[in-house]
Amino acid sequence: MSGGPAASAKMKKDESFLGKLGGTLVRKMKSREVSDLHEEGKNAINAPLLPPGTDVHPEDTLLEENAERIMLDPTSRENPKFKDLQKVLIDWINSELEDDRIIVKDLEEDCYDGQVLQKLFEKLSGRKLNIAEVTQSEIGQKQKLQTVLEAVNDLLRPHGWTIEWSVDSLHSKNLVSIVYLLVSLAMHFQAPIRLPEHVSVQVVMVKKREGILQSSLVTKELTSTTELMMGRFERDAFDTLLDHAPDKLNVVKTSLITFVNKQLNKLNLEVTELESQFADGVYLILLMGLLEDYFVPLYNFFLTPESFEQKVHNVAFAFELMQDGGLKKPKARPEDVVNVNLKSTLRVLYNLFTNYKNSE
């Protein structure tokens, strides 16, 4: 074979080159593995108490000494009562800002930049804030939030409200802070809504102490009982009646049944059970038509509703008819009436009774 010694020398040289190259690659890989291992170790030390499934954002590891960040626990985000509370707040905001053609679909995405909060505060307080209408930059959004929150805090703090929100927490789309703020506004301004009771969530509180992140799970109560929350409102006759004179409840129910049947009998209909027979909204709609002397087209509602959503649609439509007739928006939620909540149904019917009891 030709070129034996020369070929052998070339192969050794190539092997030596590859060996050096391989050695360099191995060293780089080992260096990267050590770096990754160091990073894993640092994270394990810094966040030893984080529950599984919790996302730690890069900015959480960059906290300044003694700084704190709050994150919503993933399981709480899926809590049905928490979702219901968000829906009540979204419906309330959309009702208040209907004239401004503002539609909120997601509290985190729609409330973080201050635009919706500004409009809502101005509508509720009757105060105009001197802020630029549209702000796209982060600095501009935070300046808008700062102005709005200063006005909100100046209004709420003297009445004993605990401020559970800040410019940074709202702008970072912290859902718990956003909900805290909206619940406080709803209660302070006596919003015509019924907040779900006993809604609480778990949050992960991350603090930096001596360069190390420490985390813990904390339960945050967003709403309490209706009675306690209504302490911020004026308690009505039915709170007193059900709390202190339940024996008189049948007398009130009999009076209301007599009132509604005086109208419904014109359609050969009769009510014997207030709770259940108004729960699908049909009798409420028909009753409004009779009291206001008009025919409600059947295509506007479900005459034989089958689903929960269809019943809620009916009750909500009846509430719209009441407002069209000059009545205030009922404080009861359509969902409460559909869920056969006696106090909510009594409030709605009593409101009709006081306004139409003298009508023929």
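## Surface, cores, sheet and salt bridges of a predicted chain

The chain exposes about 20,600 Å², and carbon and sulfur atoms supply 52% of that area. Accessible areas come from the Shrake-Rupley method with a 1.4 Å probe; for residues, only the protein chains shown count as cover. This is a predicted model: local features need pLDDT of at least 70, side-chain atom pairs count only at pLDDT 80 or more, and totals for chains, interfaces and linings use all residues. Residues are numbered from 1 along each chain as its sequence is written, and side-chain values use heavy atoms, with hydrogens and water left out.

### Overall make-up

The chain holds 16 helices and three strands. Helices (H or I, at least four residues) and strands (E, at least two) are DSSP runs, numbered from the N terminus. Of the 360 residues, 42% count as buried. Buried means under 20% relative accessible area, exposed over 50%, and partly exposed in between (1.4 Å probe, protein chains only). Take the contacts between residues at least 6 apart in sequence: 61% of them join residues at least 24 apart. A contact means heavy atoms within 4.5 Å.

### Nonpolar cores

A nonpolar core is a set of buried Ala, Val, Leu, Ile, Met, Phe, Trp, Tyr and Cys residues joined through side-chain atoms within 4.5 Å. The largest one has 49 residues. Leu89, Trp92, Ile93, Leu107, Val179 and Leu222 touch the most other members. At least two residues of this core come from each of α3 (80–96), α4 (107–111), α5 (115–125), α6 (138–156), α7 (167–171), α8 (175–188) and β2 (200–209). Helix α8 gives the largest share, eleven residues.

Leucine 222 deserves a look. Neighbours within four places in sequence aside, leucine 222 is in contact with Phe82, Leu85, Val176, Val179, Tyr180, Val183, Val199, Ser200 and Val201. Another core, of 38 residues, lies apart from the largest one; its members include Val260, Phe278, Leu286 and Val337. In soluble globular proteins, nonpolar side chains tend to be buried together.

### The sheet

Three strands form an open sheet in the order β1-β2-β3, with antiparallel pairing. Two strands pair if DSSP finds at least two bridges between them. β1 (68–72) and β3 (212–221) stand at the edges with a single partner strand each, so one side of each is left without a neighbour in the sheet. From one strand to the next, the twist averages 25°. Axes here are lines fitted to C-alpha atoms, for helices over the stretch in contact, and angles run from 0 to 180 degrees between N-to-C directions.

Five bridges pair β1 with β2 in the antiparallel sense. Isoleucine 70 has methionine 205 in β2 as its bridge partner. Ten bridges join β2 to β3, also antiparallel. Valine 201 stands opposite lysine 220 in β3. β2 and β3 form a hairpin with two residues between them. In that turn, glutamate 210 has a positive phi of about 55°.

### Salt bridges

The whole structure contains ten salt bridges. Each is a side-chain nitrogen of Lys or Arg within 4 Å of a carboxyl oxygen of Asp or Glu. The table gives some of them.

| Lysine | Acidic partner | N to O distance |
|---|---|---|
| Lysine 87 | Glutamate 335 | 3.4 Å |
| Lysine 128 | Glutamate 122 | 3.8 Å |
| Lysine 142 | Aspartate 168 | 3.4 Å |

Lysine 87 sits in helix α3 and glutamate 335 in helix α15 (residues 334–338), 248 residues apart. Lysine 87 is partly exposed at 42% relative accessibility, whereas glutamate 335 is buried at 13%. Salt bridges that share partners join Lys87, Asp91 and Glu335 into one network.

Lysine 128 is exposed, at 61% relative accessibility. Its partner glutamate 122 is buried, at 11%.

Aspartate 168 in helix α7 and lysine 142 in helix α6 form a pair that links distant parts of the chain, 26 residues apart. Lysine 142 is partly exposed, with a relative accessible area of 27%.

### Helix α16

Tyrosine 350 lies in helix α16 (residues 342–356). Tyrosine 350 is partly exposed, with a relative accessible area of 34%. Its C-alpha atom is separated by 7.0 Å from that of leucine 256, 94 residues apart along the chain.
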